[in-house]
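Take a moment with the sequence and the 3D view before reading on. We will move from a rule about exposure to the strands, and then to the charged side chains.

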Amino acid sequence: MIINLSEIGRIYSPFKKIEGMPVQPIGAEEVKGEIHVSKEYEKGLKDIDGFSHLTLIYYLHKCEGHNLEVTPFLDNSAHGVFATRSPKRPNNLGISVVQLDKVEGNILHISNVDVLDGTPVIDIKPYVPQLYEKTVKNLKVGWFENKHGDAVNKKADKRFL
């Protein structure tokens, strides 16, 4: 099945190239950016200013192809792509939780941005952790268990271009 999606806007960030970018939002604390939502979708932002954080779904427009096994930035061993947050995915979709600082018309001012400048946004959803708290029990994070702390200082390199 072919699924057609359209961008609803663009993310603007200080990261003009992939190399040197933070690999996860935890490494992008206080990094400012903006989402410019297309004017045709501006009405969809009504009441979004009542949320402190947003979940962004975006298209990894600079990634070409995919790998079913990858060696992620936080490990030295190969893992299946679906057991990682690697950008080299069959559908090149990325997801991040960012802080919403301010809304000005169709522009969302955000913080904790770990996304490449000019990235197309596919969807924006309010982040509501209470919707998960009763269903996320006995949480396990697999191979990330002893690695996630390293994400603060890891930067992207050429491996996922």
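A residue is buried when its relative accessible area is under 20%, exposed when that area is over 50%, and partly exposed in between. Try this on E42. Its relative accessibility is 26%, so E42 counts as partly exposed. Keep the rule in mind, and keep in mind that this is a predicted model.

Now take in the whole chain. The protein chain has 8 strands and 0 helices. Read from the N terminus, its elements run β-β-β-β-β-β-β-β. The chain holds 161 residues, and buried residues make up 39% of them. It exposes about 10200 Å². Carbon and sulfur atoms supply 51% of that area. How do the contacts spread along the sequence? Consider contacts between residues at least 6 apart in sequence: 80% of these join residues at least 24 apart.

Next, find strand β3, which covers residues 53-59. Which strands pair with β3? One of them is β6, residues 93-104. These two strands are antiparallel and share 7 bridges. Two of the places where they meet are easy to find. Y59 stands opposite L93 in β6. Y58 has G94 in β6 as its bridge partner. β3 also pairs with strand β8, residues 119-126. That pairing is antiparallel too, with 5 bridges. Within it, L56 has I124 of β8 as its bridge partner.

Stay with β6 and follow the chain onward. It comes to strand β7, residues 107-111. β6 and β7 pair in the antiparallel sense over 5 bridges. Look for L100, whose bridge partner in β7 is I110. The two strands form a hairpin, with 2 residues between them. In the turn sits G105, with a positive phi of about 65°.

N106 also lies in the loop between β6 and β7. Is N106 buried or exposed? Its relative accessibility is 15%, so N106 counts as buried. What does N106 touch, leaving aside its neighbours within four places in sequence? Its contacts are I35, H36, V37, K39, E42 and L45. So E42, our opening example, is in contact with this loop residue.

Two residues on that list also meet each other. The side chains of E42 and K39 form a salt bridge, with 3.4 Å from N to O. Side chains of opposite charge can pair when their charged atoms come close. The partners differ in exposure class: K39 is exposed, because its relative accessible area is 61%, while E42 is partly exposed at 26%.

How many salt bridges does a search of the whole structure find? It finds 6. Another joins K102 to E104, where the closest N and O atoms are 3.5 Å apart. K102 is partly exposed, because its relative accessible area is 41%. E104 is partly exposed as well, with a value of 41%.

One more pair is D123 and K125. Their salt bridge has its closest N and O atoms 3.5 Å apart. D123 has 27% relative accessibility, so D123 counts as partly exposed. K125 is partly exposed too, with a relative accessible area of 42%.

Conventions. Residues are numbered from 1 along each chain as its sequence is written. This is a predicted model: local features need pLDDT of at least 70, side-chain atom pairs count only at pLDDT 80 or more; totals for chains, interfaces and linings use all residues. Side-chain values use heavy atoms; hydrogens and water are left out. Two strands pair if DSSP finds at least two bridges between them. Helices (H or I, at least four residues) and strands (E, at least two) are DSSP runs, numbered from the N terminus. Buried means under 20% relative accessible area, exposed over 50%, partly exposed in between (1.4 Å probe, protein chains only). Contact means heavy atoms within 4.5 Å. Accessible areas come from the Shrake-Rupley method with a 1.4 Å probe; for residues, only the protein chains shown count as cover. A salt bridge is a side-chain nitrogen of Lys or Arg within 4 Å of a carboxyl oxygen of Asp or Glu.
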